[in-house]
Structure formats: C-alpha cells, structure tokens
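Got your viewer open? Let's take a walk through this one, stop by stop, with something to select at each.

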Amino acid sequence: MAHPKETRDRLRQLYVSGNQTLETAAIMCGTTQATARRWREQARENGDDWDKMRAAYTLAGGSIEELGRATMAGFLQQYNSTMELLQQDGNLGPAEKVKLLASLADAYNKTVAANARILPETSKLATALEVVELLVQFVSEKHPKQLAALAEVLEPFGAVVEKRFG
C-alpha cells in the first residue's frame, strides 16, 4: 500500500523531533514497522540521517542533566544485563570471568565518576539519600525505639531533600 509523502514526513517528524520510537511513530502514522525502517534507510542513503538528527534534537532540547541521567540509566541497564549473563554463563572459566568482571567494574567506576562531574545535582542527591539510609540503619540498630519517630520526621524531610537536590 502506497502512503502519501505527508505520512512519511509526519513519521520522520515524530521520530526525529517528536521523541517517539520508530515503532511508535509507525503506529501513529498507520504504517508498519518494516515500512518505517525502510523509509529511514532510504532517507539515510539520500543524505538525510534521521538518527543523527534525532541525536541533535536530543542534545539541543534537553539539559545536560537530563542527557546525563538518561546515559547513566542506559549504562546501568547494560551493566545489570551483563552481570546476569556473566553469572549464568557456564562456559566461561573463572579467570575469564574475573577478567570480564574487572573490566565491567572499571567501566562502572569511570561512568559514575564522569557522571559525578557532569551531574553534580544528581551526585548530591545520591549522597543525601545515602546519608539518610545510613541514618535509618543506625537508628534501627542502636536506637530501635526511636525508629517510629524518625520515620515520622523523614517522610516530610524526603520532600525537602528532593526539592533541594533533585
């Protein structure tokens, strides 16, 4: 079924600057995912790289904080998936697993350190939340009778922490 040029243009707009996935844009435009992928490939062959334009819109449209958070979230998803695969893979020897785990740990540390420099507010929020968690743990171990009072104070205090650091 042939689609009018307006449909292709709308799909491109939804994908490039409308923050939609290619699959969602295809559904919104009444086309198949295969058609959407074919149109994207044809456009790339003709010098219109939708993915480069999408990246440019992402960089221009959001703050560095938003981009950094998205990057960190994507990295953490990959990290978790890789850890699960390493634990399940019975074909890897211990030495190879240690080597891969060391490499993964290095990548994690570098990513977190880079994000701390790029995302100071996110880093501060993470530190504040860690301190609050330590306080809860301390009170529950050393002063368990005070835990209910602490919980009563921490609930509204959480909103203050989020507002200040979030």
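Start by selecting K5: with a relative accessibility of 58%, K5 counts as exposed (exposed means over 50% relative accessible area, buried under 20%, and partly exposed in between, using a 1.4 Å probe and protein chains only). Before moving on, a word on what you're looking at: this is a predicted model, where local features need pLDDT of at least 70, side-chain atom pairs count only at pLDDT 80 or more, and totals for chains, interfaces and linings use all residues. Residues are numbered from 1 along each chain as its sequence is written, and side-chain values use heavy atoms, with hydrogens and water left out.

**Stop 1: the K5 pair**

Keep K5 selected and add D9. Their side chains meet in a salt bridge, 2.9 Å from N to O (a salt bridge is a side-chain nitrogen of Lys or Arg within 4 Å of a carboxyl oxygen of Asp or Glu). Side chains of opposite charge can pair when their charged atoms come close. Both K5 and D9 sit in helix α1, four residues apart, which is about one turn of the helix (helices are DSSP runs of H or I, at least four residues, strands are runs of E, at least two, and both are numbered from the N terminus). D9 is partly exposed, at 36% relative accessible area.

**Stop 2: where α1 meets α3**

Now show residues 5-16 and 33-45 as cartoon. These are helices α1 and α3, whose axes come within 11 Å and cross at roughly 85° (axes are lines fitted to C-alpha atoms, for helices over the stretch in contact, with angles from 0 to 180 degrees between N-to-C directions). How does α1 lie relative to α3, parallel or perpendicular? The crossing makes α1 roughly perpendicular to α3 (that label covers 65 to 115 degrees; under 35 is roughly parallel, over 145 roughly antiparallel, and the rest oblique).

Turn on side chains for T7, R8, L11 and Y15 of α1, plus A36, W39, R40 and Q42 of α3, and you have the residues that make the contact (contact means heavy atoms within 4.5 Å). Sorted by class, this contact has four nonpolar, two polar and two charged residues (Ala, Val, Leu, Ile, Met, Phe, Trp, Tyr, Cys and Pro count as nonpolar, Asp, Glu, Lys and Arg as charged, and the others, Gly among them, as polar).

Next, pick T31, in the loop between α2 (22-29) and α3. T31 is buried, with 10% relative accessible area. Leaving aside residues up to four places away in sequence, T31 touches H3, T7, L11, A26, A36 and W39.

**Stop 3: a salt-bridge network**

Select R40, E41, R44, D49 and D51 together: salt bridges link them in a network. Zoom in on R44, which is partly exposed at 32%. R44 pairs with D49, where the closest N and O atoms are 3.9 Å apart, and with D51, where they are 2.9 Å apart. D49 is buried at 19%, whereas D51 is partly exposed at 28%. Across the whole structure, a search finds seven salt bridges.

**Stop 4: the rings**

Time for aromatics. The structure holds four aromatic pairs (rings of Phe, Tyr and Trp, taking the six-membered ring of Trp, pair if their centres lie within 6.5 Å; planes under 30 degrees apart are stacked, over 60 edge-to-face, and the rest tilted). Go to Y15 and W50 and look at the rings: the centres are 6.4 Å apart and the planes are at 45°, so this pair is tilted. Y15 belongs to helix α1 and W50 to helix α4 (residues 50-61), so the pair ties together parts that are 35 residues apart in sequence. Y15 is buried at 7% relative accessibility, and W50 is buried too, at 2%.

Then jump to F75 and Y79. Their ring centres are 6.2 Å apart with planes at 35°, so this pair is tilted. F75 and Y79 are four residues apart in helix α5 (residues 64-88), separated by about one helical turn. F75 is buried, at 18%. Add Y108 to the selection to see the cluster that ring pairs make of F75, Y79 and Y108.

**Last stop: zoom out**

Show the whole chain and you'll find eight helices and zero strands. Of its 166 residues, 19% count as buried. Among contacts with a separation of 6 or more, 51% come from residues 24 or more positions apart.
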